[in-house]
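Student: Let's go through this structure by question and answer. Please keep the replies short.

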There are 2 protein chains.
Amino acid sequence: MHVLPIPPDLRALPTPCLLLDEARMGRNIDRLRGRLRTAGVGFSPHLKTARCLEVARRLMTGPHGPATVATLGEAEAAAAGGITRLTYAVGIAPDKLERVTVLRRRGTDIAVLLDSVEQARAVAAAGDPADPVPALVEIDCDGHRSGVRPGDADLLAAIARALTPGGRLGGVLTHAGESYEARGRAALEAAAENERRSVVLAADVLRQAGQACPVVSVGSTPTAHFAKSFEGVTEVRAGAFVFFDLVQAGIGVCGLEDIALSVLATVIGRNREKGRVIVDAGWTALSSDRGTATQAVDRGFGLVCDASGRLLPGLTVTALNQEHGLVTGPGAGPWGGPDFPIGTRLRILPSHACATAAQHDRYHVIDAAGAVVAEWPRFGGW
Amino acid sequence: MHVLPIPPDLRALPTPCLLLDEARMGRNIDRLRGRLRTAGVGFSPHLKTARCLEVARRLMTGPHGPATVATLGEAEAAAAGGITRLTYAVGIAPDKLERVTVLRRRGTDIAVLLDSVEQARAVAAAGDPADPVPALVEIDCDGHRSGVRPGDADLLAAIARALTPGGRLGGVLTHAGESYEARGRAALEAAAENERRSVVLAADVLRQAGQACPVVSVGSTPTAHFAKSFEGVTEVRAGAFVFFDLVQAGIGVCGLEDIALSVLATVIGRNREKGRVIVDAGWTALSSDRGTATQAVDRGFGLVCDASGRLLPGLTVTALNQEHGLVTGPGAGPWGGPDFPIGTRLRILPSHACATAAQHDRYHVIDAAGAVVAEWPRFGGW
């Protein structure tokens, strides 16, 4: 299997490390932002995938947000970077409300998420009545994880009422988690329409109960790309789209050529009889995510490119240990497997970009020729 | 399901976070060190699991080592902490030899691992002939991953010869990776004996070829605990034993009551109809490791204890998202599932301790009563 020469900058990097193709990322951002702009709907990009201020600035529609986060550690890092309109889109634990109120006092307009009267009462008690915490009620549109059923008028109203005085109803939010199981355009469009209708129904129910419900938020990378209507929706959240990955390619949201993230690795062993090579990217570098295992085509722990980023057809990372990745597939070895010299550099496309990125503390940003143009730190933690 | 009161210190910690039960860890260390001391064999604990100087000092037989690492980042952190006898037990990439020689010049006696003439030539060229790099030849005892077959006299001798002048033969090393698939005492003892015989055979082959072969190293947590003989072996490596985990319990190396590591989490959602609760420990806190999926009993992404550490029988983390864990099993909910109030704190026993620990930057060290007695930072990276 022919391997193109390695760009000099990529020869100089220690492996394993995380590469971010800036041009591909830019195209991914332009595609979704253009789509949402045309639809006339707001965008609150989810920062949990990139966890990086430089990426956030390229994602957001304004310098201060809006944006979505999955932890208070992300919220605090974003706020320190000047992002002051945030939705913390994981159900609030009462113990975490103190950090929320500190953020608000310091000028960050952060909203919380909840789906129970218990949580609403905690917000009512912890928030400042002079600056009530906006709370979004999570709506269960597809049975995926959590949330209130969109037609459960009693529970929706009870939650809204229980927020006073420390909180106020900010709106409703849903996530079409089951869209990751949808296959084919029709199923994806249906998942998106179900997501939209569910959350709009919940907003209507609350409004009929006399509640203002300004925010109507939907979001998942598949539905953001396949929705035919955003009628009644005020904002879309999405995160994984910025890098894309093999799971998204398997769903059909992107092509392999759109995947902006890869792990640079070095061949540290070869076993010609077994038709495999070993690289220095194990689960510490790639994560143990096997998201494509339930898709039509199982991509293992990643697909393999040469150092220039060109896909080496059929080569897959089929097993991981802590610091080892086993690459198998067709090749020029005597038993038909891959056979690269020790020291060869390869690039692994991730199964799940959020999970792979989370294993690293920085991005080595590269241009289309493989020159390293920047190094961007990741933030994180809880 | 009855939940014991939460120790006050654990109420004060932000979640998710990593707890380390110091007494359990101490018993695990005493058990293996006592076993190896009785057998009269050396011990080179693998630091890849804990990645922590405080833990390393409790593991090692001397203040400066020996110890084993899986990355040069670990080696450099260990050296900075005064650990100066190291084995870097992942196949060496030629590009990494410069960092190895820098460590050696600064006084760290670090050995490298290889299984090819290509790598030996790279060591010969990069090392200092006045202080040749000790190289251990990796032996493939069970077809698990990499290494030279123990009886391959030609290749063993060729590697040893190719090391001159920058390297020298340090010895032979093997890892019984397939022991993780062994079930039952007899199979585990056989895996250990196969590991021992393989590496001792390779050492004999090299000695018959006129090579000194001072180090004869074996290692895996299962075989270290089940070997009946270490005859001809000079050192044992093991890492996961320090914390143990559900994979090791499934193999039969430890009991659930020996697992020293857990993730403290908070209930952030409940779904009585679906019989599950949601905690704020997703794959960022637990890892996506599903090591028990191929064992007789699938423990999902972890077993669930109350905050005091008492196992809640049958409760399992059955699904993970980035910041969500779904807990299912028997319970007092109206549909029979678990039903804890929002804010309840639970502790999750990890599927794979190395992988779960790698998701955190520190240990909150607790005593048997759940008081936090220390905070120990983890080192890491490549």
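**Axis, interface and domains**

Tutor: Ser288(A) comes closest to the rotation axis of the residues of chain A, with its C-alpha at 2.7 Å. This is a predicted model, where local features need pLDDT of at least 70, side-chain atom pairs count only at pLDDT 80 or more, and totals for chains, interfaces and linings use all residues. Residues are numbered from 1 along each chain as its sequence is written, while chains are lettered from A and ligands numbered from 1 in the order in which they are written.

Student: What relation does the rotation that superposes chain A on chain B represent?

Tutor: Copies are superposed by least squares on the C-alpha atoms of residues with pLDDT of at least 70 in both. The rotation is 180°, the shift along its axis 0.0 Å and the RMSD 0.0 Å. That is the relation of a two-fold axis.

Student: How many residues does the contact take from chain A and from chain B?

Tutor: Two residues are in contact if their C-beta atoms, placed from the backbone, lie within 7 Å. Of the interface residues of chain A, 100% are also interface residues in chain B, so the copies meet through the same surface. The count is 39 residues from chain A and 39 residues from chain B.

Student: Which element gives the largest share of the side of chain A that touches chain B?

Tutor: Helices (H or I, at least four residues) and strands (E, at least two) are DSSP runs, numbered from the N terminus. Elements supplying at least two residues each include strand S4 (85-91), helix H6 (117-126) and strand S10 (261-271) of chain A. The largest share is four residues, and it comes from S10(A).

Student: Which element gives the largest share of the side of domain 1 of chain A that touches domain 2 of chain A?

Tutor: The domain assignment, automatic or from a database, gives domain 1 (8-19 + 254-377) and domain 2 (46-238) of chain A. Six residues of domain 1 are in contact with six residues of domain 2. H12 and strand S17 (372-377) of chain A each give two or more residues to the domain 1 side. The largest share, three residues, comes from H12(A).

Student: How wide an arc do the buried residues of H7(A) cover around the axis?

Tutor: A residue is buried if 20 or more other C-beta atoms lie within 10 Å of its own, with C-beta atoms placed from the backbone. In helix H7 (residues 153-162) of chain A, the buried residues are Leu156(A), Ile159(A) and Ala160(A). They lie on the same side of H7(A) because their arc, taken from the directions from the helix axis to the C-beta atoms, is only 100°.

Note on methods
Buried ≥ 20, exposed ≤ 12 C-beta atoms within 10 Å, placed from the backbone.
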